[in-house]
Amino acid sequence: MASGITILDPTNESKPATRQVLERPASVKGLTVGLLDISKPRGNVFLNRIEELLTERGAKVLRYSKPTFTKPAPVDLRQEIATQCNLVIEALAD
Amino acid sequence: MSSVPPVLPDGFVVIVKRECATCQMVEPVLQAIEKGATPLTVYTQDDPTFPASVSAIHDSDLAVSWHNDIDTVPTLIKVVNGKEVERTFGWLASDWQRITDMPLLGADLPAMRPGCGSMSVDPDIVDKLRAKFTDSPVIARTVEFSEAEDEFEAMYARGWTDGFPVIPPTRERVLRMLTGTTRHPQDVIAIAPPDLVELTVEKIAINAVMAGCLPEYMPWVIAALEAVCNDEFNMHGVLATTMPVGPVIICNGPGTRAIGMNSGINAFGQGNRANNTIGRAVQLTIRNVGGGRPGEVDRATHGNPGKISFCFAEDEVGSPFTSLATERGVPLGQNAVTVFAGEGPRCVVDQLARTPEELTNSFVACLQTVHHPKLVIGFDAILTISPDHGRVYAEAGWSREKLIAELTERSLTPGAELVRGAQEMAEGIPPHLRDATLPKFRAGGILLTYAGGGAGLFSSIVAGWANGAIGSDPVTRVVGS
């Protein structure tokens, strides 16, 4: 078939491999769960209650917070969470 | 796609085309040269049978003409040991006689007759030749649409547009866009958020073509992208915020006039190519290279139409104030862009003030409403003063510094009126500031600019996003080449 117009790709040409979602754990018992507060007002209220519920179920909870909700989490923080936790919950609040 | 430049044969080389009357006139001259001792090679651009009386090679793909920078026909070149040593173009008898060492050459012709444009610089085909013959380091992946596809629909369907049609970025068009900058196509200008990918001049050029830019806008688009892609401006946050802001681009310097930017009637509006396509190119680049798309990382509750493009020039010639760029440290006479995370413009009407004090009070009253009358310090704003309003300050001799100081002073408000719950409004500043007296803006938080048409006692306010380290600071960059 005769071809049409050829153009140059305006995108960043990244083809991210499809990410596989981790299998849901049957229980949080004995797992380390990171709670990331993005530093929006009252996010801590929500996360405090989540911490209570997780602790009741036998999880170890570690708390983290981003310096500001307006910017992505710093690389070091992401690295810290990834190495210390099995699971992470990120809170948005207002 | 490139080709090896053809080597010119030793002797005399002449490039002609039949369509050119001067080329036809010099045909007897070519016959005379051919009879001489030095070999003659004639290249003909259009008609292989021309000139009939001299043997000629058809430069059918214009490779010889392109690689030898032929602008005009006829062109006579003297080649010794494979190297050009001399050339002349058009018919100038004295030049032809000297180069050929034939003092009587064309003695019966007029002394001088201008030549014609070479086919290799014909505006209709020069872009194709550049794409074909330039060993260009353009490396972007190509995308081929099928014949059955409408390219405009196809580009929209791929998510590459802002909702309006874009110009298809063909190789020819991108190479032409790249002629607008001295930067190498693979120079990395910035790391583009939100995907944090290397942003090259080539990718900017592709998106600038799509936006409808002319090549001479490229340095401005590049500078604006340098200005938004850094931690100070925080383009990622400007995208991600639910507030209705996008990069507002303020251009300064003599170059704004050279590229025909609008700082006058309807300066913020439609109709001017440079204003509208520079801003659009920045947004398309962030969208396509950075990956910042509404509904994905862009979470704006309402957004604003300026997120398609919001770019204007200051009227530095008419302004009674020093320019924004000068205020921000750019040497006089240099071109610069300042980017500001702003929402759409709103009008300040005051048709009755005749003194600078009265007018300033009106500005303060309107500026107090930026985002909320009880929220202070946390947001910056652009104040764009029109010529009719500017005249009030010019006649009173108020400088930029004086006006900013008066705006600040007159905006001072007791904390008791601003704290949460005051005036029966829950919104407000924290209670511990009850006893403070606060201006509306932080130091440097008013970006005073001057633009607009010559009639209208109106000025304009563009409110910003959260300022400082938690949000975005205005950024100024000098425009390069």
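Which strands of chain A does helix α1 (residues 43-56) lie across? Helix α1 of chain A lies across β2, β3 and β4 of chain A and runs at about 170° to β2(A). The model is a predicted one, in which local features need pLDDT of at least 70 and side-chain atom pairs count only at pLDDT 80 or more, while totals for chains, interfaces and linings use all residues. Residues are numbered from 1 along each chain as its sequence is written, and chains are lettered from A and ligands numbered from 1 in the order in which they are written.

**The sheet of chain A**

An open sheet of chain A is formed by 3 strands in the order β3-β2-β4, with parallel pairing. Strands pair if DSSP finds at least two bridges between them; strands (E, at least two residues) and helices (H or I, at least four residues) are DSSP runs, numbered from the N terminus. Because β3 (60-65) and β4 (87-91) each have a single partner strand, they stand at the edges, and one side of each is left without a neighbour in the sheet. Neighbouring strands are turned by 20° against each other on average, direction ignored. Strand β2 (residues 32-37) of chain A is joined to β4(A) by 5 bridges, and the two run parallel. Within β4(A), V88(A) stands opposite G34(A).

Two helices lie across these strands, as tabulated below; contact requires C-beta atoms, placed from the backbone, within 7 Å. Angles run from 0 to 180 degrees between N-to-C directions, with axes fitted to C-alpha atoms, for helices over the stretch in contact.

| Helix of chain A | Strands of chain A lain across | Angle to β2(A) |
|---|---|---|
| α1 (residues 43-56) | β2, β3 and β4 | about 170° |
| α2 (residues 75-84) | β2, β3 and β4 | about 160° |

**A helix pair in chain B**

In chain B, the axes of α14 (residues 356-367) and α16 (residues 400-410) come within 9 Å and cross at roughly 60°. This crossing makes α14(B) oblique to α16(B), the term for angles that are not under 35 degrees (roughly parallel), over 145 (roughly antiparallel) or 65 to 115 (roughly perpendicular). Residues T360(B), N361(B), F363(B) and V364(B) of α14(B) meet L403(B), E406(B), L407(B) and R410(B) of α16(B).

**Domains of chain B**

The domain assignment, automatic or from a database, divides chain B into domain 1 (11-132) and domain 2 (153-478). Their C-alpha centres lie 54 Å apart. The contact takes 4 residues from domain 1 of chain B and 5 residues from domain 2 of chain B.
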